[in-house]
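This report looks at charged side chains and at how they are, or are not, paired with one another. Please keep the sequence and the structure at hand while reading.

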Amino acid sequence: MAKTLARQLAEAFGDVEAMRALYADNIIWSLQASLGRIAGPYEGKEAVMAFNERVWGSFYYPECTVDILNELGDDAHSAVRFTYNAKLRSSEGPYSLEYILFVRAEGGQITRVDESMDTMGSVNLFAGEEIAKNPYRG
């Protein structure tokens, strides 16, 4: 099976120019609403690129790896579940979290990305805590 566009996008994380090459001009990128203002949606290639550049310019160093856990789909619809491994700019500490990308495409270019992740785990990692720490449990 050839790599889906979802997988190609995940494997390009950190390399914003490689990501740009996958995008249609009318791309829309959304994250889960629990992330607040950063959730988007980002509409159009330039808005998505500005978001990508902010992510790897402000939050993570661009040198990263992904470990693909699951992949499915075809040329029009695909999804990939992966572990994203990077270094945080804020603390210089490691960041490793599971993500899922749902991708729609037309003509070999990505038109929509819906990104999902463990929001609490991400908050904990940015705070220097363990991923599983839950302040709402006794």
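Is Asp114 buried, partly exposed or exposed, and what is its relative accessible area? In this predicted model, Asp114 is partly exposed, with a relative accessible area of 23%. Its partner is Arg112, and the two side chains meet in a salt bridge in which N and O are 3.0 Å apart. Arg112 likewise counts as partly exposed, at 22% relative accessibility.

**Salt bridges**

In general, side chains of opposite charge can pair when their charged atoms come close. For this model the count comes to 9 salt bridges, and the table sets out some of them, among them the pair just described.

| Salt bridge | N to O distance |
|---|---|
| Glu11 and Lys3 | 2.9 Å |
| Arg20 and Glu17 | 3.3 Å |
| Arg112 and Asp114 | 3.0 Å |

The pair formed by Arg20 and Glu17 lies within helix 2, which covers residues 16-20, and because the two are 3 residues apart there, they are separated by about one helical turn. Arg20 is partly exposed at 24% relative accessibility, and Glu17 is also partly exposed, at 47%.

In the pair of Glu11 and Lys3, Glu11 counts as partly exposed with 32% relative accessibility, while Lys3 has a relative accessible area of 47% and is partly exposed as well.

Returning once more to the pair of Arg112 and Asp114, whose side chains meet in a salt bridge, one may set beside it a set of linked pairs: salt bridges that share partners join Lys3, Arg7, Glu11 and Glu71 into one network.

**A buried acidic residue without a salt bridge**

Which side chain of opposite charge is nearest to Glu115, and how far away is it? The nearest is Arg54, at 10 Å, and Glu115 is buried yet has no salt bridge. Since a salt bridge requires a side-chain nitrogen of Lys or Arg within 4 Å of a carboxyl oxygen of Asp or Glu, the 10 Å to Arg54 leaves Glu115 without one.

Glu115 lies in strand 6, which runs over residues 109-117. What the side chain of Glu115 does make is a polar contact with the side chain of Trp29, at 2.9 Å. Leaving aside residues up to four places away in sequence, Glu115 touches Trp29, Ser30, Leu31 and Gln32, and also Tyr99, Ile100 and Leu101.

Key. Residues are numbered from 1 along each chain as its sequence is written. This is a predicted model: local features need pLDDT of at least 70, side-chain atom pairs count only at pLDDT 80 or more; totals for chains, interfaces and linings use all residues. Side-chain values use heavy atoms; hydrogens and water are left out. Helices (H or I, at least four residues) and strands (E, at least two) are DSSP runs, numbered from the N terminus. Buried means under 20% relative accessible area, exposed over 50%, partly exposed in between (1.4 Å probe, protein chains only). Lys and Arg count as positive and Asp and Glu as negative; His and the chain ends are not counted. A polar contact is a pair of N or O atoms within 3.5 Å; within protein, one must be able to donate a hydrogen and the other to accept it, and residues adjacent in sequence count only if both atoms are side-chain atoms. Contact means heavy atoms within 4.5 Å.
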